[in-house]
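Visitor: I should like to learn how to read surface and interface features in a structural model. May we work through one together?

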Amino acid sequence: MPEIVIMVLVILMIIGALLAIETSNLLHSVISVGAVGFLLSIVFLFLSAPDLAITQIAVEVITLVLLLRAAVRSENDSVPHRRKIIDTLVAVLMILAMAGLGARMFADFPQFGEPVMDRFADAPSNTYLQDGLEKTGAANIVTAVLLDFRAYDTLGEVTVLFCAVVGALSILRRPARKRLDRPDKEKDK
Amino acid sequence: MIYFLCFGLILVGLYGVLVRRNTVKIIISLLVIEYGIHLLLVLQGYRRGGVPPIVEPGTDQQTWIGQSVDPLPQALVLTSIVIGLGVLALLVSLSIRLFERYGTMDISKMRRLKG
């Protein structure tokens with residue numbers, strides 16, 4: 001039963017993504033992609049991943065604010081689509097190639113509903129599930145993995161986030177006014 | 001079947017990146033690709049009729065291990081979601097700067113760097 005619900009939700013997500021990409025109004029497309037993100041968080045709930053659902057909602061709200069900031073311009077509200085045949089052709093060819101590769105990839109995938117950790121007795125996930133509570137004292141194994149077993153990954157994540165924020169700030173920063181021509185005028189006043 | 005739908009979502013995003021010319025549209029398409037990949041990874045760890053990987057008081061450890069979904073993809077996707085937010089902030093600030101400099105969001109009109 002949850003599989004059918006998940007499938008319906010993913011189909012809705014695809015429709016939302018198509019709308020977001022095809023509509024000519026930027027505001028509409030930002031709102032559509034927000035719908036896709038919130039649907040994704042519902043799918044995470046059905047996949048027994050409550051932590052992911054919560055994080056996805058929080059991140060999605062910030063994403064919407066950022067995208068609105070980028071999208072809302074007084075004079076540039078809608079984008080006319082100029083199609084070039086050759087561009088579309090190249091895109092379709094690439095997508096077909098990717099679809100072929102994907103079909104090959106899914107042949108080796110585990111069946112849906114049977115995680116890979118069942119196949120190998122010494123998979124790391126099994127260890128985490130076995131010893132997570134004893135070794136870390138965290139009842140939530142996902143946080144145990146994030147903050148204890150793989151804490152260095154989280155450190156790297158925070159570093160990446162810091163770099164991205166510093167980069168965004170330094171791109172958006174207003175350049176300081178040049179005062180070389182009148183060095184100490186401000187002080188004299 | 002669910003895998004194919006999820007891969008379809010990634011392909012929709014790829015189409016958007018390749019065809020659209022507006023910077024905000026390209027950012028949105030990248031976001032759709034990201035969603036698709038996160039969903040694919042979490043789908044892989046799902047167990048039919050699985051419970052969240054959270055130990056509740058009074059549960060039998062061994063039967064719970066047999067029922068829980070895979071915690072590892074969830075933890076790594078959690079990392080990836082947050083990193084995606086940082087990357088998005090960087091992309092949006094670049095797009096804002098480009099708009100201020102060229103007065104357009106059409107990438108085919110930003111030709112100043114072309115020789």
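Visitor: Which residues make the nonpolar surface patch of about 690 Å²?

Guide: The model is predicted. A residue enters a patch if its relative accessible area is over 30% and it has no salt bridge. Here the patch is made by Met1(A), Ile4(A), Val8(A), Ile11(A), Leu12(A), Ile15(A) and Leu19(A).

Visitor: Why is Leu12(A) described as partly exposed?

Guide: The class of partly exposed residues lies between the limits of 20% and 50% relative accessible area. Leu12(A) is partly exposed because its relative accessible area is 40%. This residue, Leu12(A), belongs to helix 1 of chain A, which covers residues 2-22.

Visitor: How many residues does the contact take from chain B and from chain A?

Guide: Chain A contributes 92 residues to the contact and chain B contributes 79. Between the two chains, about 8100 Å² is buried, and carbon and sulfur atoms give 74% of that area.

Visitor: How many salt bridges are counted between chain B and chain A?

Guide: A salt bridge requires a side-chain nitrogen of Lys or Arg within 4 Å of a carboxyl oxygen of Asp or Glu. The count between chain B and chain A is two. Glu3(A) forms a salt bridge with Arg48(B), where the closest N and O atoms are 2.6 Å apart. In addition, 16 residue pairs are in polar contact between chain B and chain A, both residues being at pLDDT 80 or more.

Visitor: Which elements give two or more residues to the side of chain B that touches chain A?

Guide: They are helix 1 (2-19), helix 2 (23-44), helix 3 (61-67) and helix 4 (71-102) of chain B. Helix 4 of chain B gives the most to that side, with 25 residues.

Conventions: Residues are numbered from 1 along each chain as its sequence is written. Chains are lettered from A and ligands numbered from 1 in the order in which they are written. This is a predicted model: local features need pLDDT of at least 70, side-chain atom pairs count only at pLDDT 80 or more; totals for chains, interfaces and linings use all residues. Side-chain values use heavy atoms; hydrogens and water are left out. Patches are made of residues with over 30% relative accessible area and no salt bridge: like charges are joined within 9 Å, nonpolar side chains (Val, Leu, Ile, Met, Phe, Trp, Tyr) within 5 Å. Accessible areas come from the Shrake-Rupley method with a 1.4 Å probe; for residues, only the protein chains shown count as cover. Helices (H or I, at least four residues) and strands (E, at least two) are DSSP runs, numbered from the N terminus. Buried means under 20% relative accessible area, exposed over 50%, partly exposed in between (1.4 Å probe, protein chains only). Contact means heavy atoms within 4.5 Å. Buried area is the accessible area (1.4 Å probe) that two parts lose on being put together, summed over both. A polar contact is a pair of N or O atoms within 3.5 Å; within protein, one must be able to donate a hydrogen and the other to accept it, and residues adjacent in sequence count only if both atoms are side-chain atoms.
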